[in-house]
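Please open the model in your viewer and keep the sequence panel beside it, since each stop on this tour begins with a selection.

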Amino acid sequence: MALPKSNYYAVIFSSTKEEVREGYDEMDELTMTLAQQQEGFLGYESVSNGNKGIFISYWQSKEAIESWRINATHKMAKDQAKTWYKRYLSQICLVESSHEFEK
């Protein structure tokens, strides 16, 4: 994933999922497909350990994040969030500097 060196945004979503999440997998797949088609979407990273996870999406601008926030399908997913998660925290951060190492 080629990200700019600076001045882009990261949306950090950390969560603890419920054991039973009816409809979650289908909605997750759909929203991931749609987010990647959204103007201003730069990429994402995700890690999970059992029911705990951190998902970070990268965006060109706050306007791109806002467009995704008001997307009808994304709104439907957010409406279900309290049935799928025990806890979640969503944060929007400006990335002022970025450095990457990879072998």
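Which strands does α3 lie across, and at about what angle does α3 run to β4? In this predicted model, select helix α3, residues 72–84, together with the strands beneath your question: α3 lies across β1 and β4, and its direction is at about 130° to β4.

**The sheet**

Now select the strands alone, and you will find an open sheet of four strands in the order β2-β3-β1-β4, with antiparallel pairing. The edges are taken by β2 and by β4 (85–95), and because each has a single partner strand, one side of each is left without a neighbour in the sheet. As you step from one strand to the next, the twist averages 15°.

Go on to the pair formed by β1, residues 8–17, and β3, residues 52–59, which are joined in the antiparallel sense over eight bridges. Two places in this pair are worth labelling: Tyr-9 stands opposite Trp-59 in β3, while Ser-15 has Gly-53 of β3 as its bridge partner.

Keep β3 selected and add β2, residues 41–49, which also pairs with β3 in the antiparallel sense over eight bridges. Here Tyr-44 has its bridge partner in β3 at Ser-57. Follow the chain from β2 into β3 and you pass through a hairpin with two residues between the strands, where Gly-50 takes a positive phi near 70°.

**Two single residues around β1**

Select Asn-7, which is found in the segment before β1. What is the sign of phi in Asn-7? Its value is positive, near 60°, in a residue other than glycine; for comparison, most residues other than glycine have a negative phi. Asn-7 counts as exposed because its relative accessibility is 54%, and the cut-off for that class is over 50%.

Then move into strand β1 and select Ser-14. Is Ser-14 buried or exposed? With a relative accessible area of 15%, Ser-14 is buried, since that class covers values under 20%. If you leave aside its neighbours within four places in sequence and display what remains in contact with Ser-14, you will find Gly-53, Ile-54, Arg-87, Tyr-88 and Leu-89.

**The helices**

Add helix α1, residues 24–37, to the view of the sheet. This helix lies across β1, β2, β3 and β4, and it runs at about 150° to β2.

With α1 and α3 both selected, how do the two helices meet? Two packed helices are described by the angle between their axes and the distance between the axes. For α1 and α3, the axes come within 11 Å and cross at roughly 145°, and α1 passes α3 in a left-handed crossing. To see the contact itself, show the side chains of Tyr-24, Met-27, Leu-30, Thr-31 and Leu-34 on α1, and of Thr-73, His-74, Met-76, Ala-77 and Trp-84 on α3. Coloured by class, this contact has seven nonpolar, three polar and no charged residues.

**A last stop on α1**

Finally, select Gln-37, which belongs to helix α1. At 60% relative accessibility, Gln-37 counts as exposed, because that class takes values over 50%. Draw a distance from its C-alpha to that of Arg-21, and you will find the two residues 25 Å apart in space, while 16 residues separate them in sequence.

Definitions and conventions. Residues are numbered from 1 along each chain as its sequence is written. This is a predicted model: local features need pLDDT of at least 70, side-chain atom pairs count only at pLDDT 80 or more; totals for chains, interfaces and linings use all residues. Side-chain values use heavy atoms; hydrogens and water are left out. Two strands pair if DSSP finds at least two bridges between them. Axes are lines fitted to C-alpha atoms, for helices over the stretch in contact, and angles run from 0 to 180 degrees between N-to-C directions. A crossing is left-handed if the near helix is turned anticlockwise from the far one by less than a right angle, and right-handed if clockwise. Contact means heavy atoms within 4.5 Å. Ala, Val, Leu, Ile, Met, Phe, Trp, Tyr, Cys and Pro count as nonpolar, Asp, Glu, Lys and Arg as charged, and the others, Gly among them, as polar. Buried means under 20% relative accessible area, exposed over 50%, partly exposed in between (1.4 Å probe, protein chains only).
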